[in-house]
Amino acid sequence: MITLYGFPNSRSLRATWTLEELGLSYAYRHVDLGRGEGQSEAFLARHPDGKVPVLVDGELTLFESAAICRYLAERYGEPGGLLPASVEERARVDQWLFFIIGELEQPLWTQAKHKFALPGEQRVPAVLPTAAWEFQRALGALGRCFDGEGWLVGERFTLADLLLTHTLTWAVQFKMRLPPALAAYREHVAARPALARAASRERSAAEPG
């Protein structure tokens with residue numbers, strides 16, 4: 001049995017979405033980060049920093065959202081599905097996964113940390129304009145290769161589109177400006193039924209009782 005540990009509207013949604021796209025059976029375990037469950041001894045044995053997501057699949061315990069999504073697609077996906085069939089195209093997916101995590105997402109999380117995630121005494125509001133500028137710079141780099149038409153890699157939806165759409169949705173929530181074509185792309189991909197099922201699964205698990 002696959003078990004995913006997560007928290008709504010966090011990076012765990014990427015892994016839940018991937019599981020739903022693959023049509024896999026899995027158990028979802030809500031980790032109440034607000035109550036400090038991530039810092040429990042039991043959970044720190046799964047993730048050394050007490051964060052989500054964490055995937056347990058048999059003897060394998062894995063953290064980091066992109067690594068989890070990549071593993072699930074590689075192990076359980078159909079050839080040419082969430083990961084392309086060719087080595088070259090899979091490398092292009094990996095290229096974009098690294099870019100999304102390292103360049104596009106990073107300034108968004110800088111904003112989140114200094115608005116609400118860090119303890120109050122560690123927040124530095126003065127960095128917020130710089131983080132917003134850095135996000136727009138990364139968005140410009142993306143735009144030199146992808147204008148929002150079609151798919152990020154190849155001729156079909158892949159993990160690259162999944163992570164990009166999740167990150168762009170965060171950007172919209174943080175009131176970042178997106179080019180119209182990229183905004184339309186995000187809305188199109190975000191309408192996939194698997195994402196709706198994933199979000200519902202996470203919300204339901206977090207409900208009291």
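The predicted model contains an open sheet of four strands in the order β2-β1-β3-β4, with mixed pairing. Here strands are DSSP runs of E with at least two residues, helices are DSSP runs of H or I with at least four residues, and both are numbered from the N terminus; two strands pair if DSSP finds at least two bridges between them. At the edges of the sheet lie β2 (26–30) and β4 (60–63), each of which pairs on one side only. Neighbouring strands of this sheet are turned by 15 degrees against each other on average, direction ignored. Residues are numbered from 1 along each chain as its sequence is written, and side-chain values use heavy atoms, with hydrogens and water left out. As this is a predicted model, local features need pLDDT of at least 70 and side-chain atom pairs count only at pLDDT 80 or more, while totals for chains, interfaces and linings use all residues.

Within the sheet, β1 (residues 2–6) and β3 (residues 54–57) run antiparallel and are joined by four bridges. One residue to look for here is Y5, whose bridge partner in β3 is V54. On to the next pair: β3 and β4 also run antiparallel, again with four bridges, and V56 stands opposite T61 in β4. These two strands form a hairpin with two residues between them, and G58 in the turn has a positive phi of about 65 degrees.

Two loop residues deserve a look at the backbone. N9, in the loop between β1 and α1, has a positive phi of about 60 degrees although it is not a glycine. P53 is placed in the loop between α2 (41–44) and β3, and a cis peptide bond with omega of about 5 degrees joins V52 to P53.

Turning to the helices, α1 and α8 (residues 193–206) have axes that come within 8 Å and cross at roughly 125 degrees. Axes are lines fitted to C-alpha atoms, for helices over the stretch in contact, and the angles run from 0 to 180 degrees between N-to-C directions. α1 and α8 are therefore oblique to each other; angles under 35 degrees count as roughly parallel, over 145 as roughly antiparallel, 65 to 115 as roughly perpendicular and the rest as oblique. The crossing of α1 past α8 is right-handed (the near helix is turned clockwise from the far one by less than a right angle; anticlockwise would be left-handed). In this contact (heavy atoms within 4.5 Å), S12, L13, T16, W17, E20 and E21 of α1 meet A194, L195, R197, A198, A199, R201 and E202 of α8. By class, the contact has six nonpolar, two polar and five charged residues, where Ala, Val, Leu, Ile, Met, Phe, Trp, Tyr, Cys and Pro count as nonpolar, Asp, Glu, Lys and Arg as charged, and the others, Gly among them, as polar.

A second helix pair is formed by α6 (residues 159–173) and α7 (residues 180–190), whose axes come within 9 Å and cross at roughly 115 degrees. These helices, α6 and α7, are therefore roughly perpendicular to each other, and α6 passes α7 in a left-handed crossing. On the α6 side the contact is made by D161, L164, T165, L168, T169 and V172, and on the α7 side by L182, Y185, R186, V189 and A190. By class, seven nonpolar, two polar and two charged residues take part.

Salt bridges (a side-chain nitrogen of Lys or Arg within 4 Å of a carboxyl oxygen of Asp or Glu) come to a count of 10. One of them is between the side chains of R14 and E105, at 2.4 Å from N to O. R14 belongs to α1 (residues 12–22) and E105 to α4 (residues 87–117), so this pair ties together parts that are 91 residues apart in sequence.
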